[in-house]
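Open the model in a viewer and keep the sequence panel beside it. The stops below are given in the order in which to select them.

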Amino acid sequence: CSLCRSPCAECAGSTENDCTKCYSSYYLRESTCVRHCEEGEWANEIEKSCEKCDAACLACSQAPHRCSSCRTGFLLLEHRCVDNCPEGYAEIGADGVCKKCDDSNCDDCVGDTANCTACQKPFFLHDSSCRRDCPVGTYAAT
């Protein structure tokens, strides 16, 4: 019998590098011990292993579906990667992050969370905000 090659704490198979468990400061990726997980993987601290993020995630942490950034063509919405921002959210910045519109009665905001472009019924849009009634000197255009 031969010793496993460090940083393997335990190994099995035909070579000294077929790791099954790593020393504490390393993570197991397939049968290799590494210090850091690669892009598209997350460090599972319980299993001490590198695990793949969901397909749309560029990076994730704590779980495969808890994204911190998304691959090209996807937008980050509350730690998930989505195709489009849903109603009530705006795509903000070059990083493609969906943020909730400032006005809770806003159905759509563009470029800025304060720039409402459409309101939920029965509200009316006036100066980028949603109002229950139109101000004096204006009317409800449909």
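Is Glu41 buried or exposed? Select Glu41 in this predicted model: its relative accessible area is 10%, and because the cut-off for buried is under 20%, Glu41 counts as buried.

**Stop 1: the charged group around Arg29**

Keep Glu41 selected and add Arg29. The two form a salt bridge, with the closest N and O atoms 3.0 Å apart. This pair links distant parts of the chain, since Glu41 lies in strand β5 and Arg29 in strand β3 (residues 27-29), 12 residues apart. Arg29 is buried as well, at a relative accessible area of 16%.

Now add Glu38. Its side chain meets that of Arg29 in a salt bridge, at 3.5 Å from N to O. Glu38 is partly exposed, with 47% relative accessibility. With all three shown, you have a network of salt bridges that links Arg29, Glu38 and Glu41. As background, side chains of opposite charge can pair when their charged atoms come close.

**Stop 2: Asn44 in β5**

Stay on strand β5, which covers residues 41-44, and select Asn44. Asn44 is buried, at 10% relative accessible area. Show the backbone of Glu47: the side chain of Asn44 reaches the backbone nitrogen of Glu47 at 2.9 Å. Then display the neighbours of Asn44. Leaving aside residues up to four places away in sequence, Asn44 touches Tyr27, Ser49 and Glu51.

**Stop 3: Glu45 and Lys48**

Move on to Glu45 and select Lys48 with it. A salt bridge joins them, and the closest N and O atoms are 3.5 Å apart. Both ends are partly exposed: Glu45 has a relative accessible area of 48%, and Lys48 has 23% relative accessibility. How many salt bridges does a search of the whole structure find? The search finds three.

**Stop 4: the β11-β12 hairpin**

Select residues 89-92, strand β11, and residues 97-100, strand β12; the two strands run antiparallel and are joined by four bridges. Pick Glu91 and look across to β12, where its bridge partner is Cys98. Four residues lie between the strands of this hairpin. Among the turn residues, select Gly93, which has a positive phi of about 75 degrees.

**Stop 5: Ser2 and the distance to Arg132**

Go to Ser2, in the segment before β1 (8-11). Ser2 counts as exposed, at 71% relative accessibility. Measure from its C-alpha atom to that of Arg132: the separation is 78 Å, for residues 130 apart along the chain.

**Stop 6: the whole protein**

Clear the selection and switch to a cartoon. The protein has 16 strands and zero helices. Along its principal axes, the C-alpha trace spans about 90 × 25 × 20 Å. The radius of gyration is 25 Å, while a compact globule of 142 residues would have one near 14 Å.

Switch to a contact map if your viewer offers one. Of the contacts with a separation of 6 or more, 4% are between residues 24 or more positions apart. Finally, turn on the surface. Its accessible area is about 9,500 Å², and carbon and sulfur atoms account for 48% of it. Buried residues make up 31% of the 142 in the protein, with Arg29, Glu41 and Asn44 among them.

Conventions. Residues numbered from 1 in each chain as written. Predicted model: local features only at pLDDT ≥ 70, side-chain atom pairs only at ≥ 80, totals over all residues. Heavy atoms only, no water. Buried < 20%, exposed > 50% of the residue type's maximum accessible area, 1.4 Å probe, protein only. Polar contact = N/O pair within 3.5 Å; in protein donor to acceptor, adjacent residues only side chain to side chain. Contact = heavy atoms within 4.5 Å. Salt bridge = Lys/Arg side-chain N within 4 Å of Asp/Glu carboxyl O. Pairing = 2+ DSSP bridges. Rg over C-alpha atoms; globule rule 2.2 N^0.38 Å. Areas by Shrake-Rupley, 256 points an atom, 1.4 Å probe, with all protein chains shown as cover.
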